[in-house]
Amino acid sequence: MSDTPVTVLGLGDMGTALARALLKAGFRTTVWNRTAAKAEALVAEGALRAATVAEAVEASPLVVVCLLDHDSVRDTLAPVAKALTGKAVANLTSGTPRQAREMAAWAADQGADYLDGGIMAVPPMIATPAAFVLYSGSREVFEIHRAALDALARSEYLGEDAALASLYDIALLSGMYGMFTGILHAYALIRSQDIKAADFAPMLGRWLNGMSGAVAGYAEKIDSGDHARGVVSNLAMQSAGFGHLIEAAEEQGVSPELLAPLGPLMARRVADGHGHEDLSGLVELLRTRP
């Protein structure tokens with residue numbers, strides 16, 4: 001068993017998975033949840049149940065927080081603020097970059113070292129090679145408690161700015177949801193012709209895998225600002241053809257609302273004189289402040 005105790009606050013599906021991973025790795029793990037009954041399975045596996053948040057915080061130098069949202073974290077920790085002095089807080093609750101900076105500042109006011117985290121996994125993936133967790137904030141907390149953090153998933157430290165983990169998390173999820181919207185729209189089209197989604201899935205998977213090269217290719221163009229380099233399918237052509245996607249969806253009785261917002265952006269970029277460039281140039285239209 002590890003010499004360093006760890007506390008986990010919050011035993012939803014993800015918090016439970018985190019606590020279980022720590023137990024399996026041999027860490028003395030104290031758990032707390034507002035609904036105490038949720039701790040029973042973990043206690044049966046060797047966890048120590050804290051009756052109060054204060055007791056849970058007192059039990060360990062590292063406090064891992066995995067609650068519903070930013071407000072839940074503040075509501076849970078504020079009453080025990082004095083007990084946080086000298087503690088390391090790793091907040092793995094989903095939130096925004098602004099909220100991460102606010103929590104880091106609040107924790108510092110309490111004399112606590114703060115590490116913000118973004119979990120890139122669903123609960124069953126915790127402690128498997130497929131999972132990773134993004135961290136930003138106190139490098140000291142990250143280094144001192146690296147063994148415990150690595151028990152949860154592969155750890156990736158991004159820097160001292162506490163907002164970075166949340167920013168990366170939201171950016172990665174945005175890419176995921178963008179992909180999912182296209183997948184769902186594609187399946188809706190196929191099912192409109194009474195074709196099983198499962199029959200279409202292998203072809204869709206091959207196509208998306210083939211298109212994944214755009215991730216690195218677009219990154220090079222965006223970083224260089226040169227969206228006209230190595231273009232094989234220019235924006236003017238893509239914009240002209242995009243209307244067919246909307247028209248075909250309507251013909252098939254499928255709402256185009258998942259795809260439709262892309263059309264006006266493409267048309268505007270072409271109208272601004274960038275029709276010779278690649279689709280990557282649309283990123284220039286998305287910034288809303290300097």
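Which residue is the bridge partner of Asn91 in strand 6? In this predicted model, the bridge partner of Asn91 in strand 6 is Asp116, and the views below begin with the whole chain before returning to that pairing.

**View 1. The protein chain as a whole, with its 12 helices and eight strands.** The C-alpha atoms of the protein chain fill a box of roughly 65 × 45 × 30 Å, taken along the principal axes. Of the 290 residues in the protein chain, 41% are buried. When contacts between residues at least 6 apart in sequence are considered, 60% of them join residues that are at least 24 apart.

**View 2. The open sheet of eight strands.** Following the sheet across, the reader meets its strands in the order 3-2-1-4-5-6-7-8, and the pairing along the way is mixed. The edges are formed by strand 3 (48-49) and strand 8 (154-157), each of which pairs on one side only.

**View 3. Strand 5 with its partners, strand 4 and strand 6.** Strand 4 (residues 62-65) and strand 5 (residues 88-91) run parallel and are joined by four bridges, and within this pair Val65 stands opposite Asn91 of strand 5. Strand 5 also pairs with strand 6 in the parallel sense, again over four bridges, and here Asn91 has Asp116 as its bridge partner in strand 6. Seven of the eight residues of strand 6 are buried, so this strand is largely enclosed by the rest of the structure.

**View 4. Helix 5 (residues 97-109), packed on the sheet.** Helix 5 touches strand 5 and strand 6 (113-120), and its direction makes about 150° with that of strand 6. The helix has 13 residues and reaches 19 Å from its first C-alpha to its last, which is close to the 18 Å expected at 1.5 Å a residue. Its buried residues are Gln99, Ala100, Met103, Ala104, Trp106 and Ala107; because they cover an arc of only 165° around the axis, they lie on the same side of helix 5. On the other side of the helix, Arg98, Ala108 and Asp109 are exposed. The buried residues of helix 5 pack against helix 4 (70-77), strand 5, strand 6 and helix 8 (163-191). Just after helix 5 comes Gly111, which takes a positive phi of about 80°.

**View 5. Helix 1 (residues 13-24) and what covers its buried residues.** The 12 residues of helix 1 should span 16 Å at 1.5 Å a residue, and its end C-alpha atoms are 17 Å apart, which agrees. Nine of those 12 residues are buried, so helix 1 is largely enclosed by the rest of the structure. The buried residues are Met14, Gly15, Thr16, Ala17, Leu18, Ala19, Ala21, Leu22 and Leu23, and what covers them includes strand 1 (6-9), strand 2 (29-32), helix 2 (40-44), strand 4, strand 6 and helix 7 (146-152). Helix 1 is followed by Gly26, whose phi is positive, near 95°.

**View 6. The packing of helix 11 (residues 235-251) with helix 12 (residues 262-274).** These two helices pack at an angle of about 145°, with their axes 9 Å apart, and helix 11 passes helix 12 in a left-handed crossing. From helix 11, the contact is made by Leu235, Ala236, Gln238, Ser239 and Phe242. Helix 12 contributes Leu262, Gly263, Met266, Ala267, Arg269, Val270 and His274 to the contact.

Note on methods:
Residues numbered from 1 in each chain as written. Predicted model: local features only at pLDDT ≥ 70, side-chain atom pairs only at ≥ 80, totals over all residues. Heavy atoms only, no water. Pairing = 2+ DSSP bridges. Contact = heavy atoms within 4.5 Å. Axes fitted to C-alpha atoms, helices over the stretch in contact; angles between N-to-C directions. Expected span 1.5 Å × (residues − 1). Buried < 20%, exposed > 50% of the residue type's maximum accessible area, 1.4 Å probe, protein only. Arc of directions from axis to C-beta. Left-handed = near helix turned anticlockwise from the far one by under 90°.
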